[in-house]
Amino acid sequence: KPEMELTEAMKATVNRHYPVYPVCDAEGRLVGLVRGQNLFEARAIEISAQAGSMVGVEKEERLSTPVGRSLKFRHPWLQINLLTCFVAAAVVGFFEGTLERIVLLAVFLPVLAGQSGNTGCQALAVALRGMTLGDLKPGDERRLVIKEGFLGLMNGALVGISAGLGMFIYAKMQGNAHPFSLALVVWMAMVVSCVVSGLAGSLIPLVLRKVGADPATASSIFLTTATDVISMGTFLGLATILVK
């Protein structure tokens, strides 16, 4: 059909392998032809642009795009990203007293942020892939969110053991009086961060699609903000409460 989405057209042709396909109106009258090669080329371009869209690179940008036009495409998103970084920095600043008292906590901030960020990106990639391939049907959203939240819980618990052990050893080496408490803080923060990251990675593209925006558009920027704020806030908050 003329109004058929590219994804649906690809599904209709993927098992047929004809060189040319007819495009017909509602009455079955031929209104045009489309080559299978053109369908696959258009799909390849759409998929290749998805990774760039996640970080604010427009789909129209190519290697040959002039520098000025590339700057126009990318710079606004970098300004938005800077603002979101200020939010994460404000969270760290709120716990400045805790960091001054237990300096070694600062060493594990990038560990928490990086691990939770990767967890969120995994969930985001699966969600976007499901949307792109048409696997995510109406009503499947809840199952996706629950699955990613559960995976975040399991991964966070397992990775948290390794991270907590690392904190325990490091705290012992630094002569800290509360190595076990700090290890427990790292484990708990890792679990919470990974759960929230998994939920955010699946929910952000769903929300963007719900409001009529491209699910891939700068979703990585929003995800990074959520994971940084939650991971750092949880880590420093628990340290403030549990380590006297």
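**View 1. A nonpolar patch sits on the surface of this predicted model.** Leu158, Ile161, Phe180, Leu184, Trp187, Ile241 and Leu242 together make a nonpolar surface patch of about 710 Å². Three elements give two or more residues each: helix H6 (141-173), helix H7 (179-210) and helix H8 (219-242). The top contributor is H7, which gives three residues.

**View 2. Here we zoom in on Leu242, one of the patch residues.** You'll find Leu242 in helix H8. Is Leu242 buried or exposed? Neither, quite: its relative accessible area is 37%, so Leu242 counts as partly exposed.

**View 3. Strands E1 and E2 make a hairpin.** E1 (residues 20-24) and E2 (residues 30-35) run antiparallel and pair over five bridges. Look across from Tyr21 and you meet Val34 in E2. Five residues lie between the two strands, and Gly28 in the turn has a positive phi of about 85°. How many residues of E2 are buried? The count is zero among its six residues, so to speak a strand that is hardly covered.

**View 4. Stepping back, the chain has eight helices and two strands.** Read from the N terminus, the order of elements is α-β-β-α-α-α-α-α-α-α. The chain has 244 residues, and 40% of them count as buried. About 13,900 Å² of the chain is exposed, with carbon and sulfur atoms supplying 66% of that area. As for contacts with a separation of 6 or more, residues 24 or more positions apart account for 71% of them.

Key:
Residues numbered from 1 in each chain as written. Predicted model: local features only at pLDDT ≥ 70, side-chain atom pairs only at ≥ 80, totals over all residues. Heavy atoms only, no water. Patch = residues over 30% accessible without salt bridge, like charges linked within 9 Å, V, L, I, M, F, W, Y side chains within 5 Å. Areas by Shrake-Rupley, 256 points an atom, 1.4 Å probe, with all protein chains shown as cover. Salt bridge = Lys/Arg side-chain N within 4 Å of Asp/Glu carboxyl O. Helix = DSSP H or I, 4+ residues; strand = E, 2+ residues; numbered from the N terminus. Buried < 20%, exposed > 50% of the residue type's maximum accessible area, 1.4 Å probe, protein only. Pairing = 2+ DSSP bridges. Contact = heavy atoms within 4.5 Å.
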